[in-house]
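Me: I would like a close look at the largest pocket of this structure, and at the parts of the chain that surround it in the description. Please set out the fold as a whole before you turn to the pocket.

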Amino acid sequence: MSEASTPRGYVPRTTGNDREFFRATLFGGLHLQTCQDCGHRQHPPRYLCAACHSKALDFQPASGKGRVLTFTVTHATRDRGWTDHVPYGTALVETDEGPRIVTAWRGTREELRPGVRVRVDIDPINEEFGLLWAAPDRD
């Protein structure tokens with residue numbers, strides 16, 4: 001688990017709200033779906049606000065900062081795009097805005113632990129998808 005290159009294995013096909021999330025995120029940093037009626041921020045994207053059920057949703061920029069809630073380390077993979085990267089970490093990050101997102105880990109195994117402050121970066125894979133990475137926030 002280090003500053004290795006971005007794996008190029010399976011790339012999901014984005015549709016609906018996922019496509020809108022990645023489109024916003026790829027061209028402007030991490031964005032979170034935000035209700036225009038009540039201000040609730042949510043992830044993953046949905047068709048209705050989880051708080052007030054409004055359909056008035058759009059994507060607003062997020063700080064890209066948060067903390068690791070939990071994580072897992074993968075030691076074997078079936079996706080050939082990740083074979084050269086095992087072991088690799090996956091982190092559940094609670095953003096400073098509240099929503100939780102799943103990210104790949106870019107840092108050392110010793111740094112990957114609950115509570116560590118992180119920043120989330122995006123590596124574009126193609127025009128419709130980017131891999132979300134969390135790395136220790138050294139600022």
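Reply: In this predicted model, the secondary structure of the chain comes to one helix and eight strands, and along the sequence these elements follow the pattern α-β-β-β-β-β-β-β-β. The C-alpha trace spans about 45 × 30 × 25 Å along its principal axes. A compact globule of 139 residues would have a radius of gyration near 14 Å, and the 15 Å of this chain agrees with that. Buried residues make up 42% of the 139 residues, while the accessible surface comes to about 7800 Å², with 48% of it belonging to carbon and sulfur atoms. Among the contacts with a separation of 6 or more, 55% are between residues 24 or more positions apart.

Turning to the pocket itself, the largest one has a volume of about 420 Å³. It is lined by 23 residues, of which P12, W82, F129, L131 and L132 are the closest to its centre. By character, the lining divides into 14 nonpolar, six polar and three charged residues. Strands β5 (88–95), β6 (100–105) and β8 (130–136) each supply at least two residues of this lining, and β6, with five residues, gives the most.

The loop between β7 (117–124) and β8 holds I125, a residue that counts as partly exposed because its relative accessible area is 22%, which lies between the limits of 20% and 50%. The C-alpha atoms of I125 and V11 are 7.8 Å apart in space, although 114 residues separate the two in sequence.

Strand β4 can be followed through two of its residues. T74 is found in this strand, which covers residues 65–74, and T74 is buried, since its relative accessible area of 18% is under the 20% limit. Leaving aside residues up to four places away in sequence, T74 touches V86, P87 and Y88. One of these partners, P87, lies in the loop between β4 and β5, and the peptide bond that leads from V86 to P87 is cis, with omega near -5 degrees.

R67 is also found in β4, and with a relative accessibility of 35% it counts as partly exposed. With residues up to four places away in sequence again left out, R67 touches L92, V93 and E94, and also G115, V116, R117 and V118. For the pair R67 and L92, which are 25 residues apart along the chain, the C-alpha atoms are separated by 8.5 Å.

The loop between β2 and β3 deserves a separate reading for its backbone geometry. P44 has its place in this loop, between β2 (41–42) and β3 (57–61), and a cis peptide bond with omega of about 5 degrees joins H43 to P44. H53 is in the loop between β2 and β3 as well, and its phi is near 70 degrees, a positive value in a residue other than glycine. H53 counts as exposed, because its relative accessibility of 57% is over the 50% limit.

Methods:
Residues are numbered from 1 along each chain as its sequence is written. This is a predicted model: local features need pLDDT of at least 70, side-chain atom pairs count only at pLDDT 80 or more; totals for chains, interfaces and linings use all residues. Side-chain values use heavy atoms; hydrogens and water are left out. On a 1 Å grid over the protein atoms alone, a cavity is a set of points where a 1.4 Å probe fits but cannot get out, and a pocket is an open set with protein on both sides within 12 Å along at least five of seven lines; lining residues have an atom within 4 Å of a point. Grid points are joined across faces, edges and corners, and a volume is the space filled by probe spheres set on the points. Helices (H or I, at least four residues) and strands (E, at least two) are DSSP runs, numbered from the N terminus. Ala, Val, Leu, Ile, Met, Phe, Trp, Tyr, Cys and Pro count as nonpolar, Asp, Glu, Lys and Arg as charged, and the others, Gly among them, as polar. Buried means under 20% relative accessible area, exposed over 50%, partly exposed in between (1.4 Å probe, protein chains only). The radius of gyration is taken over C-alpha atoms; the globule rule is 2.2 Å times the number of residues to the power 0.38. Contact means heavy atoms within 4.5 Å. Accessible areas come from the Shrake-Rupley method with a 1.4 Å probe; for residues, only the protein chains shown count as cover.
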